[in-house]
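Colleague: I am new to this structure and should like to understand the terms used to describe it. May I put some questions to you?

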Amino acid sequence: MVEVIRHSPELMELRIPYTSSKTQFNFFLASDIHLDNPKCKRKLFAKHLNEMQEKGGKALFFGDILCLMQGKKDRRSDKSSIRPEHLAGNYFDVVFEEAAEFLKPWAKDIVMIGDGNHETAIINHNEVNPLRHVSRMLQAHGSKCEHMGYQGFVWFTFYQKGGDDAHPKQEKVRRLTLAFHHGAWGGVVSKGINGGMRYFSIFPSANIVVNGHNHERTIVEHPCHSVMNSGEVFTDVRYHCQLGTYKEEFRGGGGFAVEKIVMPKAIGGIVMSLRPRLSSGVEIVLQPAV
């Protein structure tokens with residue numbers, strides 16, 4: 001049973017009870033889904049969500065869940081880039097409602113949806129908060145999802161009752177800190193990997209930093225040499241994860257991605273598996289969703 005706690009606009013916590021250090025907990029991390037775009041690979045996205053659900057996992061989305069470029073006053077609008085079901089005078093309402101309906105089968109397993117530049121553009125230009133509407137609709141279907149901003153933190157707190165006779169209710173806690181930022185940097189050649197050191201300079205306490213935006217998918221280790229209060233010197237491993245996209249736009253022989261040579265992009269998110277260890281914190285395994 002995962003308890004979702006919102007501590008502040010930038011911090012949410014997932015409290016997870018555990019009884020064995022061998023138990024594995026799975027989380028599906030995704031961004032740049034662009035669910036309302038005709039080029040979104042919805043079947044693959046649904047496959048990854050089903051696999052997450054079958055494993056008893058939870059999903060976290062880190063921006064650009066929606067594309068939202070077909071509004072009446074949007075200079076980027078293109079008649080060929082709108083799904084038929086979104087052809088309506090109340091375009092935004094229809095997109096929000098259809099997105100929530102699509103996500104409904106997994107509503108109870110989606111614990112976070114965060115803003116990306118596509119969502120903040122709508123807030124800035126249309127005074128409408130897309131994911132606030134979508135999250136409320138999901139909550140009506142039993143979801144505990146929290147709507148987060150462009151950046152923030154997620155605590156994964158694993159706990160079990162322990163202590164001694166004098167403190168029988170004392171908890172044994174293992175915590176992992178994930179920092180996220182939807183993204184600001186590209187990197188056609190470097191694929192955004194150079195951004196990892198910059199993100200860790202912003203989020204020095206994070207065990208994992210996640211970003212999207214550039215539609216790349218990479219998992220890079222960033223070892224950190226440090227010293228404990230006891231004087232013991234150790235090397236800890238931190239991870240920089242870039243999430244791919246679900247919008248396949250480098251096909252068809254033309255279009256923005258082809259003309260600008262933005263390069264083919266990685267399709268899919270990342271599966272994060274965590275094991276709370278009794279003596280060594282939280283064990284992390286990261287792998288692409290395929």
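Colleague: How many salt bridges does a search of the whole structure find?

Modeller: The model is a predicted one, and searching the whole structure gives twelve salt bridges.

Colleague: What makes the pair Lys47 and Glu51 a salt bridge?

Modeller: The closest N and O atoms of Lys47 and Glu51 are 2.8 Å apart, and the cut-off is within 4 Å, so the pair qualifies. Both residues belong to helix α1 (residues 42–54), where being four residues apart separates them by about one helical turn.

Colleague: Why is Asp74 called buried, and is its partner Arg76 buried or partly exposed?

Modeller: Asp74 has a relative accessibility of 17%; buried means under 20%, so the term applies. Arg76, which forms a salt bridge with Asp74, has a relative accessible area of 39% and is therefore partly exposed.

Colleague: How do you know that Val189 is exposed?

Modeller: The relative accessible area of Val189 is 80%, and exposed means over 50%, so Val189 is classed as exposed. Val189 lies in the loop between β8 (171–181) and α5 (195–202), and together with Val188 and Met263 makes a nonpolar surface patch of about 300 Å².

Colleague: Why is helix α2 described as oblique to helix α4?

Modeller: The axes of α2 (residues 91–103) and α4 (residues 130–140) come within 9 Å and cross at roughly 40°. Angles under 35 degrees count as roughly parallel and 65 to 115 as roughly perpendicular; the crossing angle therefore makes α2 oblique to α4. The crossing of these two helices, α2 and α4, is right-handed.

Conventions:
Residues numbered from 1 in each chain as written. Predicted model: local features only at pLDDT ≥ 70, side-chain atom pairs only at ≥ 80, totals over all residues. Heavy atoms only, no water. Patch = residues over 30% accessible without salt bridge, like charges linked within 9 Å, V, L, I, M, F, W, Y side chains within 5 Å. Areas by Shrake-Rupley, 256 points an atom, 1.4 Å probe, with all protein chains shown as cover. Salt bridge = Lys/Arg side-chain N within 4 Å of Asp/Glu carboxyl O. Buried < 20%, exposed > 50% of the residue type's maximum accessible area, 1.4 Å probe, protein only. Axes fitted to C-alpha atoms, helices over the stretch in contact; angles between N-to-C directions. Parallel < 35°, antiparallel > 145°, perpendicular 65-115°, else oblique. Left-handed = near helix turned anticlockwise from the far one by under 90°.
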